[in-house]
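Colleague: I would like a close look at a single part of this model. Please take one helix, and then go on to whatever else in the chain deserves a remark.

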Amino acid sequence: MAAKSSSNLNKKIGIIIGSTRPQRIGPSIAKWVLGQASQRQDLKFEIIDLAEINLPMFDEPRVPAMGQYEHEHTKRWAAVVAGFDGFIFVTPEYNYGYPASLKNALDFIYKEWKGKPAAFVGYGAAAGGLRAVMQLKQLLFILKMVPVYVDVIIPRANSQVADGRFTPQEDQVKALDDLLDDLAARFA
């Protein structure tokens with residue numbers, strides 16, 4: 001772990017669990033990310049579970065870029081996102097892409113994402129969420145977010161979860177350390 005600037009101490013990073021499926025493993029992976037990230041002294045981290053946010057499918061009458069949100073659930077979601085300085089997206093790969101729940105949450109608002117760094121922890125079968133991460137990066141450019149260079153990719157993630165606990169491999173621990181360093185560097 002590289003030396004960090006104390007100016008980052010007030011920067012708050014949201015760890016977004018992108019899946020809302022009942023039998024998902026995203027929460028156990030997000031808890032691992034939070035556990036490792038919380039050992040750092042340079043940034044603050046908090047989990048944001050889209051299942052708990054419980055957004056409906058997009059239902060605003062105006063396009064998000066206008067920033068004129070009508071519904072209370074949208075205003076609450078906008079306030080949550082605005083309260084963070086950057087994000088780590090923990091996303092599965094479903095059918096070669098990221099989940100609709102994550103796409104919906106990203107599309108609901110606009111200006112609240114702008115200029116914020118984004119990092120990715122992808123998981124899935126053989127590809128480990130790589131295709132979902134690649135597609136997310138394309139979308140986040142449109143939202144004017146700044147993706148970091150280092151990703152954590154977890155192939156065959158189900159085999160690393162037992163009793164609700166994710167057990168990372170050594171290379172995944174190293175990749176997460178590198179990702180966190182890259183994320184912190186965005187605030188230096």
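Which residues are buried in helix α3?

Modeller: This is a predicted model, and what follows is computed from it. Helix α3 spans residues 72–82, and its buried residues are His73, Thr74, Trp77, Ala78 and Val81. These residues lie on the same side of α3, because they cover an arc of only 135° around the axis. The spacing fits a general rule: an α-helix has 3.6 residues a turn, so residues three or four places apart point the same way. The other side of α3 carries Arg76 and Ala79, and both are exposed.

As for what lies over the buried residues of α3, the cover includes three strands, β1 (12–17), β2 (44–49) and β3 (86–92), together with the helices α2 (50–53) and α4 (100–108).

Some of these elements also border loops with residues worth a remark. Ahead of β2, in the loop that follows α1 (26–37), is Asp42. Although Asp42 is in a loop, it has a relative accessible area of 2% and therefore counts as buried, the cut-off being under 20%. The side chain of Asp42 is in polar contact with that of Arg40, at 2.7 Å.

Two further loops each hold an asparagine with an unusual backbone angle. Most residues other than glycine have a negative phi. Asn54, in the loop between α2 and α3, has a positive phi of about 55°. Asn95 sits in the loop that joins β3 to α4, and its phi, near 50°, is positive as well. Both are exposed: Asn54 has a relative accessibility of 59%, and Asn95 one of 77%. In this respect they contrast with Asp42, which is buried.

That leaves the empty space. Rolling a probe the size of a water molecule over the atoms shows where such space is left. The largest pocket holds about 210 Å³. Its lining consists of 13 residues, and those nearest the centre are Ile25, Pro92, Tyr94, Tyr123 and Asn158. Pro92 falls within the range of β3 (86–92), one of the strands in the cover of α3. By class, six of the lining residues are nonpolar, four are charged and three are polar.

To return to the helix you asked about: α3 has His73, Thr74, Trp77, Ala78 and Val81 buried, with Arg76 and Ala79 exposed on the other side.

Definitions and conventions:
Residues numbered from 1 in each chain as written. Predicted model: local features only at pLDDT ≥ 70, side-chain atom pairs only at ≥ 80, totals over all residues. Heavy atoms only, no water. Buried < 20%, exposed > 50% of the residue type's maximum accessible area, 1.4 Å probe, protein only. Helix = DSSP H or I, 4+ residues; strand = E, 2+ residues; numbered from the N terminus. Arc of directions from axis to C-beta. Contact = heavy atoms within 4.5 Å. 1 Å grid on protein atoms, 1.4 Å probe; cavity = no way out; pocket = protein on both sides within 12 Å on 5 of 7 lines; lining within 4 Å. Points joined across faces, edges and corners; volume = space filled by probe spheres on them. Nonpolar A, V, L, I, M, F, W, Y, C, P; charged D, E, K, R; others polar. Polar contact = N/O pair within 3.5 Å; in protein donor to acceptor, adjacent residues only side chain to side chain.
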